[in-house]
Amino acid sequence: MRAASVRGLPQWASALQGLAYWIGWNHTRYPYWPLTEGALVGELQRLIASAIPSNQFLRAEVDVNELCGHHAARVSESDQFRTGRADLVIVKNGKNRTVATSDVHSNAVAVIEVKRSENSWTEIRKDIARLARLSKYVRHDVRFFVIVT
């Protein structure tokens, strides 16, 4: 794993406050219906999309092979993360706000995983370990985030 560098929070991190309000509003409005991870990811996607620059956009449920690009062939078949997906990926420089599958590796800015706080810490640690393994196969400037709600 590469050495961690200290960088400030990205501009889109302000969306997390909106997510906190949205969760509170939903718990108040529907106290007996817990939010699913999919609902949390969907709302976070909407909030982040409104906070990122116009030359960036979000993709949801991105296959990790798209993130690995040409390194995908070197990834061990037995490595668990190879068949997974990233909840959200911020991508830059897309033509018409889309990007070809082969270009995700070249244009990824951030990879975001969302976990519900009701998940066990073992599951959350597994996601962190999976992202750490994935970081070996993507560009060094891509940032990784695990958001526990």
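These are my notebook entries on a predicted model of one protein chain.

**Entry 1: the chain as a whole**

I began with the secondary structure. The protein chain holds five helices and four strands. Reading along the sequence, I wrote down the pattern α-α-β-α-β-α-β-α-β. I then looked up burial: of the 149 residues in the protein chain, 42% are buried.

**Entry 2: the sheet**

Next I asked in what order the four strands of the sheet are arranged. The order is S1-S2-S3-S4, in an open sheet with mixed pairing. Strand S1 (56-63) and S4 are the edge strands, each of them pairing on one side only. I also looked up the twist. Neighbouring strands of this sheet are turned by 25° against each other on average, with direction ignored.

**Entry 3: strand S3 and its partners**

I spent some time on strand S3, which covers residues 108-115. How many of its eight residues are buried? Seven of them are, so S3 is largely enclosed by the rest of the structure. For this I took buried as under 20% relative accessible area.

I checked the pairing with strand S2 (residues 85-92) and found that S2 and S3 run antiparallel, joined by four bridges. Two of the facing pairs went into my notes. Val-89 stands opposite Val-111 in S3, and Leu-88 stands opposite Ile-112 in S3.

The pairing of S3 with strand S4 (residues 143-148) is in the parallel sense, over six bridges. Here I noted that Ala-110 stands opposite Arg-143 in S4. I followed the chain from S3 to S4: it crosses through helix H5 (residues 121-134), and this β-α-β crossover is right-handed.

**Entry 4: the second largest pocket**

I turned to the pockets and picked the second largest. Its volume is about 190 Å³. Which residues lie nearest its centre? I listed Pro-10, Gln-56, Val-109, Ala-110 and Arg-143, out of 16 lining residues. Ala-110 and Arg-143 were already in my notes as the pair that stands opposite across S3 and S4.

I then asked which element gives the largest share of the lining. The answer is S3, with three residues. Both S3 and S4 supply at least two residues each to this lining. By residue class, the lining divides into nine nonpolar, two polar and five charged residues.

**Entry 5: two single residues**

Leu-16 was one residue I looked up by itself. Leu-16 lies in helix H1 (residues 15-29). Is Leu-16 buried or partly exposed? The relative accessible area of Leu-16 is 31%, so I entered Leu-16 as partly exposed. I also checked the spacing between Leu-16 and Leu-44, which are 28 residues apart along the chain. Their C-alpha atoms are separated by 7.5 Å.

Glu-61 was another. I found Glu-61 in strand S1, which is one of the edge strands of the sheet. What is phi of Glu-61 near? I wrote down 50°, a positive value in a residue other than glycine. At 41% relative accessibility, Glu-61 counts as partly exposed.

Definitions and conventions
Residues numbered from 1 in each chain as written. Predicted model: local features only at pLDDT ≥ 70, side-chain atom pairs only at ≥ 80, totals over all residues. Heavy atoms only, no water. Buried < 20%, exposed > 50% of the residue type's maximum accessible area, 1.4 Å probe, protein only. Pairing = 2+ DSSP bridges. Right-handed = clockwise from strand over helix to strand, strands pointing away. 1 Å grid on protein atoms, 1.4 Å probe; cavity = no way out; pocket = protein on both sides within 12 Å on 5 of 7 lines; lining within 4 Å. Points joined across faces, edges and corners; volume = space filled by probe spheres on them. Nonpolar A, V, L, I, M, F, W, Y, C, P; charged D, E, K, R; others polar. Axes fitted to C-alpha atoms, helices over the stretch in contact; angles between N-to-C directions.
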